[in-house]
Amino acid sequence: MINKSQLKKVLTIGALAASLTPLSIAAKREVKVGAVFPMTGAVATYGQESVNGIKLALKKINAEGKVHINLKIEDNKSEPQESANAVTKLITSDNVDAIIGSVASSNTLAGAPIAQTNKIPLLTPASTNEKVTMTGDFISRTCFTDAFQGVVMAKFAYEKLNKKKMAVIIDNSSDYSKGLSKVFKAKFKELGGKLVSEEDFAYIQKDTDFRSLLRKIKRTKPDAIFLPGYYTEVGLILKQARQMGMNMPFLGGDGWDSPTLQKLAGKAVSGNYISSHFAPDDKDERVQEFVKEYKAEYGQNPGAMAALGYDGILVMADAIAKAKSTKNTDIQAAILATKEFVGVTGSITIDENRNAKKSAVVLETTPAGNIFNSKVNP
Ligand code: PHE
């Protein structure tokens, strides 16, 4: 038998021990998240920036004590088939609880049906094509869609730049490019704008010589050109167009947002505008703090993908912490319940179609980097 004072001592020691044993760690949710990104190939900067942003956020998430995310990164080599393989591997051999990725819509569209069939939550931080989340109820996104971004740029062209006659060049190998050009054209015409031709001018990924295509367009005398492509081809197109004396503004979407665009196009990047998710020169305090941290870690300014990756994993971690359990259906329900999550790319609310309602920014592209022009709310 122990007496009262001994009991008190035992209890005190017990309480002390309990406070010493890292209870917070015991209660910490341990999950495995698969990340499918283009670390190599045509759009490799998207993957590299995404993973940089995700790792920066993970430091905070894992230090905070609610969830511990073990990240398993898979390189999709910028290809749809590789994206599908990566999703399959993450689900069947790595047994991940959820997946974040990918970037280019055609890649996400190739992997999403596999996540849907296996009922594994897949959240894309960056794929804007409408069809992505239509894959099913396990697929969501923390970025806006092309239905929004296309309208933003059509209005910017017609109302702000006062351009009335435009040409549209599409990347025929990209769901993103095809979808975004459709929205742009419909809105531009609705506003009263004219297209130099109903038929799209088109190229495919990995093309390098755009001169004959540009020559055809030059003859139609557009006063601006909409080019919803990815930075690799866009960089070359801008350069070749300026060399051919085509000095009208080119307008694009988030696909231009890569530090490599400036390297490829050089001075030819000047005088053009894009819609995107994030402006590193945004005065917002949260944005400036993120820019500072990112620069300290990686020695360069974050682009859109770095910011989207950062916000995407933060939303996922927040959902995992709030979920009833780490069961697939509980994690997915918590992701879909995301409301007004304030990130560096804006306030994120996931709507009934599993898309995020968010603001977009219009940026002017300059050789020194992209600069903020305006913000457009949904
Ligand atoms: N929105 C593009 C797509 O769906 C991907 C992208 C996002 C590229 C952000 C750059 C920056 O294909």
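Helices (H or I, at least four residues) and strands (E, at least two) are DSSP runs, numbered from the N terminus. On this basis the chain, which is a predicted model, has 14 helices and 16 strands.

The overall dimensions were considered next. For 378 residues, a compact globule would have a radius of gyration near 21 Å, and the value of 23 Å for the chain agrees with this. Along the principal axes, the C-alpha atoms fill a box of roughly 100 × 40 × 35 Å. Of the 378 residues, 54% are buried, where buried means under 20% relative accessible area. The chain exposes about 16400 Å², and carbon and sulfur atoms supply 54% of that area. Among the contacts with a separation of 6 or more, 68% are between residues 24 or more positions apart.

Helix α4 was examined in detail. This helix comprises the 13 residues 80-92. At 1.5 Å a residue the helix should span 18 Å, and its end C-alpha atoms are 18 Å apart, so the expected and computed spans agree. The buried residues of α4 are Ser-83, Ala-84, Ala-86, Val-87, Leu-90 and Ile-91. These residues cover an arc of only 160° around the axis, which means that they lie on the same side of α4. The spacing follows a general rule: an α-helix has 3.6 residues a turn, so residues three or four places apart point the same way. The buried residues of α4 pack against three strands and a helix, namely β1 (29-37), β2 (67-75), β3 (98-101) and α5 (105-117). On the face of α4 turned away from the buried side are the exposed residues Gln-81 and Thr-92, exposed being over 50% relative accessible area.

A further region of interest contains strands β12, β13 and β14. Strand β12 (residues 341-343) runs antiparallel to strand β13 (residues 346-350), and 3 bridges join the two. Phe-341 has Ile-348 of β13 as its bridge partner. The connection from β12 to β13 is a hairpin through 2 residues.

Strand β13 also pairs with strand β14 (residues 356-357), again in the antiparallel sense, over 2 bridges. Here the bridge partner of Thr-349 is Lys-357 in β14. β13 and β14 likewise form a hairpin, with 5 residues between them. Within that turn, Arg-354 has a positive phi of about 65°. Strand β13 is thus paired with β12 and with β14.

Methods. Residues numbered from 1 in each chain as written. Predicted model: local features only at pLDDT ≥ 70, side-chain atom pairs only at ≥ 80, totals over all residues. Heavy atoms only, no water. Expected span 1.5 Å × (residues − 1). Buried < 20%, exposed > 50% of the residue type's maximum accessible area, 1.4 Å probe, protein only. Arc of directions from axis to C-beta. Contact = heavy atoms within 4.5 Å. Rg over C-alpha atoms; globule rule 2.2 N^0.38 Å. Areas by Shrake-Rupley, 256 points an atom, 1.4 Å probe, with all protein chains shown as cover. Pairing = 2+ DSSP bridges.
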